[in-house]
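Hi,

Here is the structure I said I'd pass on. Have a look at it first, and then read on for my notes.

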Amino acid sequence: MRLSILLFATVILIASSCSNSSESSDETSTEASPQPKTFEEKLSYSLGIIASSSVMGKLEESKLMHLILPEKIAKGINDFVAGKEIEIDPAKAKENLSKFFRKLQEEGVPGEMQQKDREILSYSIGVDAIREIYGQITDTGIDTIIDLKIVLNGMNDYILQKKIHINVDD
């Protein structure tokens, strides 16, 4: 039964993260996160990898990677999960992203942006992504099975291109 719940939770998170549009903390350091050991830790870490790979994949597909600051995406994610005061209200982050993507559709991919605009865009992406992912995790109740800190470790490792602790077999 427990395995069925874990598999169901994984499928829900994968499906929903694939269909969604859209001062440094210790979490954004260059050190690798701890190696997940138990099945639940590996599942949690894998969910973080899957969720962040979906977000980063969409950015790559949109040809926006040259505008993105991965450390600011990670900071937005970490600030939200830690319950810190976030630099941009989640509603404002979603509004920023909507405006940016409307402009992108009208004018095409910008060649360059001001550093502050890149920071705001990247942080907004992080806040919006984790708000949706966190909502999906808590709404489905899988937060009682998985470790959100380890999900966060997986997201940070992927976004910041740190060593990934999961292989295909895991």
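Below is what I found, going from the overall fold to single residues.

First, a caveat: this is a predicted model, and every value here was computed from it.

**The fold**

The chain has 6 helices and 0 strands, so to speak an all-α pattern: α-α-α-α-α-α when you read along the sequence. Of its 170 residues, 42% count as buried.**Helix α6**

I spent some time on α6, which runs over residues 148-159. Its 12 residues should span 16 Å at 1.5 Å a residue, and the end C-alpha atoms are 16 Å apart, so the expected and modelled lengths agree. At the start of the helix, a side-chain oxygen of D147 comes to within 2.9 Å of the backbone nitrogen of K149. Just past the other end, Q161 has a positive phi of about 55°.

How much of α6 is covered? Most of it, with 9 of the 12 residues buried. The buried ones are I150, V151, L152, N153, G154, M155, N156, D157 and I159. Among the elements that cover them are α2, α3 and α5; in sequence, α2 is 39-61 and α3 is 70-82.

**The largest cavity**

Two of those buried α6 residues, V151 and L152, turn up again in the lining of the largest cavity. This cavity holds about 50 Å³ of space. Lining it along with V151 and L152 are V81, I130, I133, Y134, I137 and L148. Helices α5 and α6 each supply at least two of the lining residues, and α5 has the largest share, with 4. By class, the lining has 8 nonpolar residues, with no polar and no charged ones.

While you have α5 on screen, I130, I133, Y134 and I137 are worth viewing with one general point in mind. An α-helix has 3.6 residues a turn, so residues three or four places apart point the same way.

**The second largest pocket**

The second largest pocket has about 300 Å³ of space. It is lined by 13 residues, and K99, F100, K103, M113 and D117 are the closest to its centre. The elements that give two or more residues to this lining are α4 (90-107) and α5. Of the contributors, α4 gives the most, with 6 residues. What classes of residue line the second largest pocket? There are 7 nonpolar, 2 polar and 4 charged residues.

**Two glutamates**

E132 and E31 are a pair I'd look at side by side.

E132 is in helix α5, which covers residues 115-140. Its relative accessible area is 17%, under the 20% cut-off, so E132 counts as buried. Its side chain makes a polar contact with the side chain of K94, at 3.0 Å.

E31 sits in the loop between α1 (2-19) and α2 (39-61). Is E31 buried or exposed? With 61% relative accessibility, E31 is exposed, because the cut-off for that is over 50%. E31 and K162 are 131 residues apart in sequence, but their C-alpha atoms are 7.7 Å apart in space.

That's the tour. Shout if you'd like to go through any of it together.

Cheers

Key. Residues numbered from 1 in each chain as written. Predicted model: local features only at pLDDT ≥ 70, side-chain atom pairs only at ≥ 80, totals over all residues. Heavy atoms only, no water. Buried < 20%, exposed > 50% of the residue type's maximum accessible area, 1.4 Å probe, protein only. Polar contact = N/O pair within 3.5 Å; in protein donor to acceptor, adjacent residues only side chain to side chain. 1 Å grid on protein atoms, 1.4 Å probe; cavity = no way out; pocket = protein on both sides within 12 Å on 5 of 7 lines; lining within 4 Å. Points joined across faces, edges and corners; volume = space filled by probe spheres on them. Nonpolar A, V, L, I, M, F, W, Y, C, P; charged D, E, K, R; others polar. Expected span 1.5 Å × (residues − 1). Contact = heavy atoms within 4.5 Å.
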